Amino acid sequence: VQLQASGGGLEQAGGSLRLSCAASGHTFSAFAMGWFRQAPGKEREFVASITRSGDATAYADSAKFRFTISRDNNKNTLYLQMNSLTPDDTAVYYCAAGTTPGRSERWYSYWGQGTQVTVSS
């Protein structure tokens, strides 16, 4: 499956952004999906994940109550709604597809190219 992330940009602290990840090449609904991010000088970290059907989600503590992961299997698209952004959310955000909606990168075999999110104070 090919993944194309989009929707990043420059936002002020307290603002919102919605990231999208368009999938092609395989049946989107066959994959669990996740969002990860990598800030400058840091390792890539888990943000959120969602099951194949979208009936269950999981979040990193940093994303809980502020971010919402969702998917539209009819549109082959994954989303990440990010609210109450802070400068600590500045990172390249990656979408990923895999067999299990886990928190570890090892569960994901396919990765998008990343989209830059920059939050100014």
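## Salt bridges around Asp 89

The side chains of Asp 89 and Arg 37 meet in a salt bridge, with 2.9 Å from N to O. This pair joins distant parts of the chain: Asp 89 is in the loop between β8 and β9, Arg 37 is in strand β4, and they are 52 residues apart. Both Asp 89 and Arg 37 are buried. The structure is a predicted model.

Asp 89 also forms a salt bridge with Arg 66, and here the closest N and O atoms are 2.8 Å apart. Arg 66 lies in the loop between β6 (57-59) and β7, 23 residues from Asp 89. The relative accessible area of Asp 89 is 1%, so this residue counts as buried. Arg 66, with a relative accessible area of 18%, is buried because the limit is under 20%. Arg 37, Glu 45, Arg 66 and Asp 89 are linked in a network of salt bridges. The count of salt bridges comes to 5.

## Arg 44 and its two partners

Arg 44 forms a salt bridge with Glu 105, the closest N and O atoms being 3.1 Å apart. This pair, too, links distant parts of the chain: Arg 44 is in the loop between β4 and β5, Glu 105 is in the loop between β9 and β10, and 61 residues separate them. Arg 44 has 26% relative accessibility and counts as partly exposed. Glu 105, at 30% relative accessibility, counts as partly exposed.

The charged end of Arg 44 also sits over the ring of Tyr 94, 4.8 Å from the ring centre. A second arginine is placed over a ring: the charged end of Arg 71 sits over Phe 28, 4.3 Å from the centre of the ring.

## Aromatic pairs

A search of the whole structure finds 5 aromatic pairs. One of them is formed by Phe 31 and Tyr 110, which meet edge-to-face at 5.7 Å centre to centre, with 85° between the planes. Phe 31 is in the loop between β3 (17-24) and β4 (32-38), while Tyr 110 is in strand β10 (residues 108-111), 79 residues apart. Phe 31 is buried, with a relative accessible area of 13%, whereas Tyr 110 is partly exposed at 32% relative accessibility.

Phe 36 and Trp 111 form another of these pairs, a tilted one, with 5.1 Å centre to centre and 55° between the planes. Phe 36 lies in strand β4 and Trp 111 in strand β10, so the contact ties together parts that are 75 residues apart in sequence. Phe 36 is buried at 1% relative accessibility, and Trp 111 is partly exposed with a relative accessible area of 26%. These two residues belong to one aromatic cluster with Phe 46 and Tyr 108.

## Nonpolar cores

The largest nonpolar core has 29 residues. Within this core, the residues with the most contacts are Met 33, Trp 35, Leu 78, Leu 80, Met 82 and Tyr 93. Strands β1 (2-6), β3, β4, β5 (45-50), β7 (67-72), β8 (77-82), β9 (91-98) and β11 (115-120) each supply at least two of its residues. A second, separate core of 6 residues includes Ala 58, Ala 60, Ala 96 and Tyr 108.

Leu 78 shows how such a core residue is surrounded. Leaving out residues up to four places away in sequence, Leu 78 touches, among others, Leu 19, Cys 21, Phe 28, Met 33, Trp 35, Ile 50, Ile 69 and Cys 95. Its contacts also include Ser 20, Gly 34, Ser 70 and Arg 71.

## Strand β8 and its neighbours

In β8, 5 of the 6 residues are buried, so the strand is largely enclosed by the rest of the structure. β8 pairs with β3 in the antiparallel sense over 6 bridges. The bridge partner of Ala 22 in β8 is Thr 77.

β7 and β8 also run antiparallel and are joined by 6 bridges. Thr 68 stands opposite Gln 81 of β8. The hairpin of β7 and β8 has 4 residues between the strands, and in this hairpin Asn 76 takes a positive phi near 55°.

Note on methods:
Residues are numbered from 1 along each chain as its sequence is written. This is a predicted model: local features need pLDDT of at least 70, side-chain atom pairs count only at pLDDT 80 or more; totals for chains, interfaces and linings use all residues. Side-chain values use heavy atoms; hydrogens and water are left out. Rings of Phe, Tyr and Trp (its six-membered ring) pair if their centres lie within 6.5 Å; planes under 30 degrees apart count as stacked, over 60 as edge-to-face and the rest as tilted. Buried means under 20% relative accessible area, exposed over 50%, partly exposed in between (1.4 Å probe, protein chains only). A charge sits over a ring if NZ of Lys or CZ of Arg is within 6 Å of the ring centre and within 35 degrees of the ring normal. A nonpolar core is a set of buried Ala, Val, Leu, Ile, Met, Phe, Trp, Tyr and Cys residues joined through side-chain atoms within 4.5 Å. Contact means heavy atoms within 4.5 Å. Two strands pair if DSSP finds at least two bridges between them. A salt bridge is a side-chain nitrogen of Lys or Arg within 4 Å of a carboxyl oxygen of Asp or Glu.
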